[in-house]
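Let's take a walk through this structure together. Have the sequence and the 3D view open side by side as you read.

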Amino acid sequence: AIQKSTTLIAEDRFDEVITYIEKAYNKAANLAYSGLGLELPNDIELCLEPKDKEKTEPIPTITPELTEAIGTRGLKAGRVAAFLGFTGRGKTTALVDQCCIASEHGFDVVFFTLEMYDVDIAARIISNVTEGPVYAHEASAWEVAEKFKEVMSDKKGKIIIKHMPAGVTTVKDLKHYLKLLQSQKNITPDLVIVDYADLMTP
């Protein structure tokens, strides 16, 4: 705005300078106060359901009871949901279930794992989808693989599994990976799962 005003002043266009500065100030003010929350009724449009249902439709949860309990017909875009519990109570199993349900409904999922290796999470996902054993015997491995490919090819969402090192991974690292995924594979996930987020570093 200052650079533009300098040109206008040199041309004696002072009324336009005032108008230009006012517009710039109002824009900056809107950005500065954008985090103050919703003001009703002025911001009512922001509370309405988006018209683009294809990418903003809530993601079903692992049980109808949970979906009903959170009151939003499922996991909504931009929201954070946490699965809390003591060690060995099935948090990872629940997250694997959530991953598979989202994929089944056509949503792309990125599954970050900080405790288990990616191949172990993959084995659980394959078992969930094919309803077979977690670790298939060599004799049936190819059969399981073919069944998994067949099921996933039926308009299912993509599943990306990425192991991240515990104790050093930050939120910035996750964001960087997601940007790489978008730029290199053109994948923008609808759901991001972080298994054992408490093993991340602030």
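What follows moves from confidence to the sheet, then to the helices that pack on it, and ends at a single threonine.

Before we look at details, keep in mind that this is a predicted model. The mean pLDDT of the protein is 79, with 74% of its residues at 70 or more. Confidence is highest in strand S1 (residues 109-113), where the mean is 95, and lowest in helix H4 (residues 53-56), where the mean is 54.

Strand S1 is a good place to begin, as it belongs to the sheet. Here 3 strands form an open sheet with parallel pairing, and their order is S2-S1-S3. S2 and strand S3 (191-195) are the edge strands; each has a single partner strand, so one side of each lacks a neighbour in the sheet. From one strand to the next, the twist averages 15 degrees. If you look at how S1 and S2 are joined, you will find 5 bridges between these parallel strands. To see one pairing for yourself, pick phenylalanine 111 and look across to its bridge partner in S2, isoleucine 161.

Now for the helices on the sheet. Helix H9 packs there, touching S1, S2 and S3, and its direction makes about 140 degrees with that of S1. Helix H6 (residues 91-104) also lies across S1, S2 and S3, and runs at about 165 degrees to S3.

H6 deserves a longer look. Its 14 residues reach 20 Å from the first C-alpha to the last, close to the 20 Å expected at 1.5 Å a residue. How enclosed is H6 by the rest of the structure? Largely so, because 11 of its 14 residues are buried. Among them are the polar or charged-looking names you may want to find in the view, namely Lys91, Thr92, Gln98 and Ser103, along with others including Leu95, Val96 and Ile101. After H6 comes glycine 106, which has a positive phi, near 90 degrees.

Let's finish in the loop between strand S2 (159-163) and helix H9 (171-185), where threonine 169 is found. Is threonine 169 buried or exposed? Threonine 169 has a relative accessible area of 1%, so it counts as buried, the cut-off being under 20%. Leaving aside residues up to four places away in sequence, threonine 169 touches Leu114, Met164, Leu174, Met200 and Thr201. A polar atom of the threonine 169 side chain also lies 2.6 Å from the backbone oxygen of proline 165.

Note on methods
Residues are numbered from 1 along each chain as its sequence is written. This is a predicted model: local features need pLDDT of at least 70, side-chain atom pairs count only at pLDDT 80 or more; totals for chains, interfaces and linings use all residues. Side-chain values use heavy atoms; hydrogens and water are left out. Helices (H or I, at least four residues) and strands (E, at least two) are DSSP runs, numbered from the N terminus. Buried means under 20% relative accessible area, exposed over 50%, partly exposed in between (1.4 Å probe, protein chains only). A polar contact is a pair of N or O atoms within 3.5 Å; within protein, one must be able to donate a hydrogen and the other to accept it, and residues adjacent in sequence count only if both atoms are side-chain atoms. Contact means heavy atoms within 4.5 Å. pLDDT is the predictor's confidence in each residue, from 0 to 100. Two strands pair if DSSP finds at least two bridges between them. Axes are lines fitted to C-alpha atoms, for helices over the stretch in contact, and angles run from 0 to 180 degrees between N-to-C directions. The expected span of a helix is 1.5 Å times one less than its number of residues.
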